[in-house]
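Thanks for sharing this one. Here are a few notes to read alongside the coordinates.

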Amino acid sequence: MESSKRYMMSVLAVVLLGFIASSTEATNNIMVGGKNGWVPNPSESYATWAARGRFNIGDTLIFKYKKGQDSVLVVSKEDYDACNTGSPIKSMNDGESKITFDRSGPFYFISGNQGSCQKGQKIYLVVITPKTSSPPTPLAPSSSSPSIPPSSDFATPPTAPVPSTPSKSSSTTNSIVWVSALVSLLVVSVSLY
C-alpha cells in the first residue's frame, strides 16, 4: 500500500513538473496600463509602464476602454510624435482591442479621441528580437487579434530604452505557477510521512 502511494505521488510530481515547464514557454496577454486600462491622464505614464515590460513576438497587447467612448490607433512615429489621428495604420474601437506582435521593432499607439493623446494617452514600445539564428516565422493573423503590417515607419531605430524586465503579467503568471508547484510538492511530501 505504501509503495503504491509513493508511486502515485511520484507520477503526480512528474505531471506537475511537466505543466510548469510547458507554462513558462507560453506567450503573454498583456493589459495595457495594468488595472486602469487605456485612459487619458493615466496615473502612471504609458512610457513608464512600457519601460517595466519586455515585449516579445507572439505577445498580445490588450487595450481595455469604454466602447464607443475611445479607440486605439496604430500610427507611424511621425503621427505618434504629433498626436495625429488623421492617418492611422490601423484603427480599433471595440472596447477590448487586441494586437498580437508578429515581428520585432518599435510600435506606436495613440487614442483616437482628439486631445487624449496630448493628455498622455499614447504608448511607444519595442518588441525585442528573438535570440535565434534563423529569422522568426510570422504568426498568422486571427480575426480577434489583428497583426500590424510591416511599414517603413517602423524601421526607425528606437529612441527610448528597450524594456529589460519581464512584463508584470508574465511575472505574475510564472509566480503563481511556481507557488502552486511548491504547495503541491509540500502536500505530497507531508502525505508520504
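How many bridges join strand β3 to strand β6, and which way do the two strands run? Please keep in mind throughout that this is a predicted model.

1. **The β3-β6 pairing.** Strand β3 (residues 72-74) and strand β6 (residues 105-111) are joined by 3 bridges and run antiparallel. If you would like a place to start looking, L73 stands opposite I110 in β6.

2. **The sheet around that pairing.** These strands belong to an open sheet of 4 strands, in the order β4-β3-β6-β7, with antiparallel pairing. The edges are β4 (90-92) and β7 (122-127); each has a single partner strand, so one side of each is left without a neighbour in the sheet. From one strand to the next, the twist averages 20 degrees.

3. **Aromatic pairs.** The structure holds 8 aromatic pairs. One of them is W38 with Y46, a tilted pair at 5.1 Å centre to centre and 45 degrees between the planes. Both W38 and Y46 are buried.

4. **F63 and F109.** This aromatic pair is also tilted, with 5.1 Å centre to centre and 50 degrees between the planes. It links distant parts of the chain, as F63 sits in strand β2 (residues 60-64) and F109 in strand β6, 46 residues apart. F63 is buried, its relative accessible area being 0%, and F109 is buried with a value of 0%.

5. **The ring cluster.** W38, Y46, F63 and F109 are linked into a cluster by ring pairs.

6. **A charge over a ring.** Finally, have a look at K122, which lies over the face of Y80 at 4.4 Å from the ring centre.

Note on methods: Residues numbered from 1 in each chain as written. Predicted model: local features only at pLDDT ≥ 70, side-chain atom pairs only at ≥ 80, totals over all residues. Heavy atoms only, no water. Pairing = 2+ DSSP bridges. Axes fitted to C-alpha atoms, helices over the stretch in contact; angles between N-to-C directions. Phe/Tyr/Trp six-rings, centres within 6.5 Å; stacked < 30°, edge-to-face > 60°. Buried < 20%, exposed > 50% of the residue type's maximum accessible area, 1.4 Å probe, protein only. Lys NZ or Arg CZ within 6 Å of the ring centre and 35° of its normal.
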